[in-house]
Amino acid sequence: MTIGPVQLLVLGFDRPEFHGEIRAELERLRDNDTVRVIDFLGVHKTAGGEVTALKESQLAAEEMVEFGALVGALVGLGEGVGVEAGAAAGAERVADQGGVFGEEAWDALAEIPEDSAAALILLEHRWAIPLRDAIMRARGVRLASEFISPLDLVAVGLVEAEEAEALAAMSADTV
């Protein structure tokens with residue numbers, strides 16, 4: 001299984017109004033093989049305290065177990081218990097809990113304030129696989145990797161302050 005870089009998004013929504021736009025965009029990105037959702041856990045708590053949860057993935061059950069085995073193998077290698085033992089433990093854990101996010105994630109999201117929502121999204125960046133492979137073939141290694149806010153671009157003079165403020169306001173409204 002070839003896996004692209006994986007990113008964890010933690011999102012909060014104050015007085016949310018969901019109309020399916022986020023799901024539609026994630027499906028569009030998957031259809032274009034840009035990203036895919038490895039695991040998604042969303043929780044909405046009403047003003048009365050009633051909690052509704054949504055758990056989804058764009059991976060088939062077999063792919064999820066294979067992903068768990070791969071991650072488990074890497075953890076096993078890093079912790080010195082071995083690749084095979086780590087892979088077996090990772091596959092079993094993902095299969096048992098129905099995805100990457102386990103009870104710890106559910107417990108954390110259940111603590112959100114009333115009249116709000118939160119989501120954990122584990123995204124695989126499929127678009128980056130060919131780029132990563134080309135870098136590896138050139139014997140390159142990643143030294144750092146960060147998202148940069150529009151306001152940071154002002155500090156280095158790449159964007160005018162007004163444009164950065166508009167971009168920051170848009171991104172604060174969306175993600």
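Two strands count as paired here if DSSP finds at least two bridges between them, and the views below, all taken from a predicted model, start from that idea.

**Figure 1. The whole chain: seven helices and four strands.**
Welcome to the overview, which sets the scene for the close-ups. Followed along the sequence, the elements of the protein chain come in the pattern β-α-β-β-α-α-α-β-α-α-α. Of the 175 residues in the protein chain, 30% are buried. Among contacts with a separation of 6 or more, 68% join residues that are 24 or more positions apart. The accessible surface of the protein chain is about 11,500 Å², and carbon and sulfur atoms hold 57% of that area.

**Figure 2. An open sheet of four strands in the order 1-4-2-3.**
The pairing throughout this sheet is antiparallel. At its edges are strand 1 (6–14) and strand 3 (51–56), each with a pairing on one side only. Ignoring direction, neighbouring strands of the sheet are turned by 10° against each other on average. As general background, strands of a sheet pair through backbone hydrogen bonds, in either a parallel or an antiparallel way. Now look between strand 2 and strand 4: these two run antiparallel and are joined by ten bridges. Along strand 4, S116 is the residue that stands opposite K45.

**Figure 3. V43, a residue of strand 2, and its surroundings.**
Is V43 buried or exposed? Its relative accessibility is 4%, so V43 counts as buried, the cut-off being under 20%. Beyond its neighbours within four places in sequence, V43 is in contact with V51, T52 and A53, with L109 and I112, and with S116, A117 and A118. A119 makes a nice pair to pick out with V43: 76 residues separate them in sequence, while their C-alpha atoms are 6.3 Å apart in space.

**Figure 4. The largest nonpolar core, a set of 15 residues.**
Which residues have the most contacts inside this core? They are I38, F67, F101 and L109. Two or more core residues come from each of strand 2 (35–45), helix 2 (61–79), helix 4 (103–110) and strand 4 (116–125). Another core, of eleven residues, lies apart from this one, and its members include F13, L26, A117 and I121.

**Figure 5. F101 and the residues it touches.**
This view stays with one of the core residues that have the most contacts there. Setting aside neighbours within four places in sequence, F101 is in contact with L8, with D39, F40 and L41, with K55 and W106, and with L120, I121 and L122.

**Figure 6. A network of salt bridges linking R30, D33, R36, E63, E124 and R126.**
The whole structure holds ten salt bridges. As a general reminder, side chains of opposite charge can pair when their charged atoms come close. One of the salt bridges joins E63 to R36, at 3.3 Å from N to O. E63 belongs to helix 2 and R36 to strand 2, so this pair ties together parts that are 27 residues apart in sequence. E63 is partly exposed, with a relative accessible area of 25%, whereas R36 counts as buried at 4% relative accessibility. R36 also forms a salt bridge with E124, where the closest N and O atoms are 2.4 Å apart. E124 lies in strand 4 and R36 in strand 2, so here the parts tied together are 88 residues apart in sequence. At 1% relative accessibility, E124 counts as buried too. A salt bridge between R126 and E124 has its closest N and O atoms 3.0 Å apart, and both of these residues are buried.

**Figure 7. R15 and D33, each with a positive phi although neither is a glycine.**
For context, most residues other than glycine have a negative phi. R15 sits in the loop between strand 1 and helix 1 (21–31), and its phi is about 50°. Is R15 buried or exposed? R15 is exposed, with a relative accessible area of 56%. Where does D33 lie? The place of D33 is in the loop between helix 1 and strand 2, and its phi is about 55°. With a relative accessible area of 37%, D33 is partly exposed. D33 is also one of the residues in the salt-bridge network of the previous view.

Technical notes. Residues numbered from 1 in each chain as written. Predicted model: local features only at pLDDT ≥ 70, side-chain atom pairs only at ≥ 80, totals over all residues. Heavy atoms only, no water. Core = buried A, V, L, I, M, F, W, Y, C linked by side-chain atoms within 4.5 Å. Buried < 20%, exposed > 50% of the residue type's maximum accessible area, 1.4 Å probe, protein only. Contact = heavy atoms within 4.5 Å. Axes fitted to C-alpha atoms, helices over the stretch in contact; angles between N-to-C directions. Salt bridge = Lys/Arg side-chain N within 4 Å of Asp/Glu carboxyl O. Areas by Shrake-Rupley, 256 points an atom, 1.4 Å probe, with all protein chains shown as cover.
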